[in-house]
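Here is a quick walk through one small chain, meant to be read with the model open beside it. Have a look first, then read on.

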Amino acid sequence: MVRTECGSCRRVAAQIAPVVEQAGANLVIRNVDHDTELNVEFGDRVPVVVIDDEEFSCWEVDNEELAEALS
């Protein structure tokens, strides 16, 4: 989950993209500014990484933990 004007969101998306690709998973970026329901749920608490509809992390991501969660 990201917001349009969020530098941390861009940084985390770039950081995790190779980890997600290596795991053979799909990275889907959802912008909470474009979805009222997501905006209510996440607001300014972004970036948020969700795996299989469960929140994995908020604000920061550990690449090794992410790789393990995706395996």
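Is Asp53 buried or exposed? With a relative accessibility of 75%, Asp53 counts as exposed, since that value is over the 50% cut-off. One thing to keep in mind from here on: this is a predicted model.

**The turn between the strands**

Asp53 sits in the loop between S1 and S2, and so does Asp52. Asp52 is exposed too, at 71% relative accessibility. The backbone here deserves a look. Asp52 has a phi near 50°, which is positive although the residue is not glycine. Asp53 follows suit with a phi near 65°, again a positive value in a non-glycine residue. Most residues other than glycine have a negative phi.

**Overall layout**

Zooming out, the chain holds three helices and two strands. Read from the N terminus, the order of elements is α-α-β-β-α. The C-alpha atoms fill a box of roughly 30 × 25 × 15 Å along the principal axes. What about the radius of gyration of the chain? A compact globule of 71 residues would come out near 11 Å, and the chain has 12 Å, so the two agree.

Of the 71 residues, 31% count as buried. As for contacts between residues at least 6 apart in sequence, 53% of them join residues at least 24 apart.

**A cis bond and a buried serine**

Just ahead of the strands there is another backbone feature to check. The peptide bond from Val46 to Pro47 is cis, with omega near 5°. Most peptide bonds are trans. Pro47 belongs to the loop between H2 and S1.

Pro47 turns up again as a neighbour of Ser57: leaving aside residues up to four places away in sequence, Ser57 touches Pro47, Val48 and Val49. Ser57 itself is part of strand S2. Is Ser57 buried or exposed? Ser57 is buried, because its relative accessible area is 12%, which falls under the 20% cut-off.

**Salt bridges**

How many salt bridges are there? The count comes to five. Side chains of opposite charge can pair when their charged atoms come close. Three of these bridges are set out here.

| Pair | Closest N to O distance |
|---|---|
| Arg3 and Asp33 | 2.6 Å |
| Arg3 and Asp44 | 3.6 Å |
| Arg45 and Glu55 | 2.8 Å |

Take the Asp33 and Arg3 bridge, with its closest N and O atoms 2.6 Å apart. This pair links distant parts of the chain: Asp33 is in the loop between H1 and H2, while Arg3 is in the segment before H1, 30 residues away. Both partners are partly exposed, Asp33 at 31% relative accessible area and Arg3 at 22%.

Arg3 also bridges to Asp44, at 3.6 Å from N to O. Here the two ends are 41 residues apart, with Arg3 before H1 and Asp44 in the loop between H2 and S1. Asp44 is exposed, at 64%. Put the two bridges side by side and you get a network of salt bridges linking Arg3, Asp33 and Asp44.

The Arg45 and Glu55 bridge has an N to O distance of 2.8 Å. It ties the loop between H2 and S1, where Arg45 sits, to strand S2, home of Glu55, over 10 residues. Arg45 is partly exposed at 27% relative accessibility, and Glu55 is partly exposed at 41%.

**The largest pocket**

Last stop: the largest pocket, with a volume of about 650 Å³. Which residues lie nearest its centre? They are Met1, Val28, Val49, Val50 and Ile51, out of 29 lining residues. Elements giving two or more residues to that lining are helices H1 (7-22), H2 (36-42) and H3 (63-70), along with strands S1 (48-51) and S2 (54-58). H1 gives the most, with five residues.

What is the lining made of? The residues divide into 20 nonpolar, eight charged and one polar. Val49 makes a handy link back to the serine: Val49 is one of the residues nearest the pocket centre, and Val49 is also among the residues that Ser57 touches.

Methods. Residues numbered from 1 in each chain as written. Predicted model: local features only at pLDDT ≥ 70, side-chain atom pairs only at ≥ 80, totals over all residues. Heavy atoms only, no water. 1 Å grid on protein atoms, 1.4 Å probe; cavity = no way out; pocket = protein on both sides within 12 Å on 5 of 7 lines; lining within 4 Å. Points joined across faces, edges and corners; volume = space filled by probe spheres on them. Helix = DSSP H or I, 4+ residues; strand = E, 2+ residues; numbered from the N terminus. Nonpolar A, V, L, I, M, F, W, Y, C, P; charged D, E, K, R; others polar. Salt bridge = Lys/Arg side-chain N within 4 Å of Asp/Glu carboxyl O. Buried < 20%, exposed > 50% of the residue type's maximum accessible area, 1.4 Å probe, protein only. Rg over C-alpha atoms; globule rule 2.2 N^0.38 Å. Contact = heavy atoms within 4.5 Å.
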